[in-house]
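The exercises below ask the reader to work from the model to a statement about its architecture, one step at a time. Each task is followed by a worked solution.

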Amino acid sequence: MTDVTMDKIVSLARRRGFVFPSSEIYGGLGSSYDYGHYGVLLKENVKARWLEAMVQERDDIVALDSAIILHPKIWEASGHVSGFTDPLVDCRTCKKRFRADHLGDEQCGRRPSKRPGETTDCDLTEARQFNLMFETRVGPVEETGQRVFLRPETAQGIFVNFKNVAQLARRKPPFGIAQIGKSFRNEITPGNFIFRTLEFEQMEMEYFVPPADADEWYRYWVDERVGWYVRYGIRPESLRVRAHDAEELSHYSSATSDVEYLYPIGWSELEGIANRGTFDLTAHTKASGTTLEWVDGGSGERYVPAVIEPAAGVNRAMLAFLCDAYDEETVGDRERTVLRLHPEIAPVKVAVLPLVPRDAGMAERARALHAELRRVMVAEHDDGGQIGRRYRRQDEIGTPWALTIDEQTLVDETVTIRDRDSLAQDRISIARAREHLIDRLAAPWSPPARAATSDA
Ligand code: GAP
């Protein structure tokens, strides 16, 4: 079995232009990353699959894109101003700052490295509560501008639009509102690549239900969300569901389950599904003076719906897809690294490769085929270097298929199609290539077993 380490993932992501450390030429900024070409394509695919599953394939969920900077009273009503905090301790000896509830997982600043508080030299302060929201000001003058926050979750933008959507979209519980967008948290625990960062994208859906049905819908959404990850190629054995115990529950939640993924750092949260009850709509009704409830136009029945919330992180999902897809194997006397991504998640679907780029006939057909395919899917044309190296480059970015134009193409207008996972090579006609790929993209896919390797 390939040993998938975070170092290998970081190195591949860097080498192939998925993810770069942010502000690198200025020495970098901790817990912040930039996404390169393939990273953007992969991230967009994750979001598109989520939106399809949440909105396109259902009748009961609509989309929303609310502002990042909202009225500051929203964060008072939601409990974030008073309660969205981490307990922090400082060490007066090594000058580092730690989360008091993560001391067992942290490294002290001294060498050889120790856990904070492990030796008598450690001089830790009492824990202090530190709010995770980033503050800024609206208005040209800092002193008089209005204090606002960058949203730490997309969810509140949904709650404060409940009335707009319920009325205009003519929805009746159970119904949901889905939103994808950036959130910001002043996280002080650094490291672990894109797992925990200062800014990240969330995919959140608030599902409004009659309170009596909340438990049933909560269980439904836990199953749905696990199913979504499996549908897009995460191995079921890399996923588990962990229910929060009473001390761990957020202030708004009566039940929460994390979908955890077995990252190289161990089992960690990928997504949370919470039963938020009527907390949010009630809090915003009280603070804003606008009643947020469901009123049945026919019967006149009225109630405050309960909310079930599946809240996922795009970047954490991307990391899980990368880790689960990463594989190394020895083929003949060569070693290759391959990302066995689900074709619908893979950044590039097909590469078109002229075997002998300087052959005018091959070059021309390759260009024409690439132009035809790119109209319906992300396709790459690559005529740089030996064919073996070009295949390996595509393997490393997870391209499921490569079409090679060779001498036989010039005779019978066929190309070879190479399968990334099985390495099988078949011949298909150029005329049918586009249809063939569309069919294969739509076909169900599950990950092949990880190859045995000579530990390349
Ligand atoms: N509205 C509920 C909410 O925000 P959360 O568990 O704090 O719940 C939901 O966040 C998801 O957002 C997490 O499961 C994780 O995938 C992602 N997430 C949260 N903080 C993150 C961070 N600092 N960096 C990357 N992803 C993060």
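Contact here means heavy atoms within 4.5 Å, and buried means under 20% relative accessible area. The model is a predicted one.

**Exercise 1. Describe the chain as a whole.**

Start with the secondary structure: the chain contains 13 helices and 23 strands. Next take the extent of the C-alpha trace, which spans about 75 × 70 × 50 Å along its principal axes. Then turn to burial, where 51% of the 456 residues count as buried. Finally, consider contacts between residues at least 6 apart in sequence, of which 66% join residues at least 24 apart.

**Exercise 2. Determine which elements the buried residues of helix α13 pack against.**

First establish the helix itself: α13 covers residues 430-442, and its 13 residues reach 19 Å from the first C-alpha to the last, close to the 18 Å expected at 1.5 Å a residue. Second, pick out its buried residues, which are I430, A433, H436, L437 and L441. An α-helix has 3.6 residues a turn, so residues three or four places apart point the same way. Third, list the partners of these buried residues: they pack against the helices α10 (360-373) and α12 (407-412), and also against β19, β21 (401-405), β22 (414-419) and β23 (425-429).

**Exercise 3. Classify the packing of helices α2 and α9.**

Two packed helices are described by the angle between their axes and the distance between the axes. For α2 (residues 37-56) and α9 (residues 314-325) the angle is about 105°, and the axes lie 10 Å apart. Since angles of 65 to 115 degrees count as roughly perpendicular, α2 and α9 are therefore roughly perpendicular to each other. On the α2 side the contact is made by G39, L42, K43, V46 and K47, and on the α9 side by V314, N315, A317, M318, F321 and L322.

**Exercise 4. Work out which strands stand at the edges of the sheet that contains β4, and why one side of each is left without a neighbour.**

Begin with the order, which is β5-β4-β6 in an open sheet of 3 strands with antiparallel pairing. It follows that β5 (97-99) and β6 (128-131) are the edge strands: each has a single partner strand, so one side of each lacks a neighbour in the sheet. Neighbouring strands of this sheet are turned by 45° against each other on average, with direction ignored. As a closer look at one pairing, β4 (residues 85-90) and β5 are joined in the antiparallel sense over 3 bridges, and V89 stands opposite F98 in β5.

**Exercise 5. Trace the salt bridges formed by R340, and compare their setting with that of the E260 and R240 pair.**

The structure holds 42 salt bridges. One of them joins the side chains of E260 and R240, at 2.7 Å from N to O. The pair links distant parts of the chain, with E260 in strand β12 (residues 255-263) and R240 in strand β11 (residues 239-243), 20 residues apart. E260 is buried at a relative accessible area of 5%, whereas R240, at 34%, counts as partly exposed.

R340 forms a salt bridge with D327, whose closest N and O atoms are 2.9 Å apart. R340 lies in the loop between β18 (334-339) and β19 (350-354) and D327 in strand β17 (residues 326-331), so the pair ties together parts that are 13 residues apart in sequence. Both R340 and D327 are buried.

R340 also meets E329 in a salt bridge, at 3.4 Å from N to O. This pair links the loop between β18 and β19 to strand β17, across 11 residues, and E329 is buried, as is R340. To finish, salt bridges that share partners join D327, E329, R336, R340, D395, R418, R420 and D421 into one network.

Conventions
Residues numbered from 1 in each chain as written. Predicted model: local features only at pLDDT ≥ 70, side-chain atom pairs only at ≥ 80, totals over all residues. Heavy atoms only, no water. Salt bridge = Lys/Arg side-chain N within 4 Å of Asp/Glu carboxyl O. Helix = DSSP H or I, 4+ residues; strand = E, 2+ residues; numbered from the N terminus. Buried < 20%, exposed > 50% of the residue type's maximum accessible area, 1.4 Å probe, protein only. Pairing = 2+ DSSP bridges. Axes fitted to C-alpha atoms, helices over the stretch in contact; angles between N-to-C directions. Expected span 1.5 Å × (residues − 1). Parallel < 35°, antiparallel > 145°, perpendicular 65-115°, else oblique.
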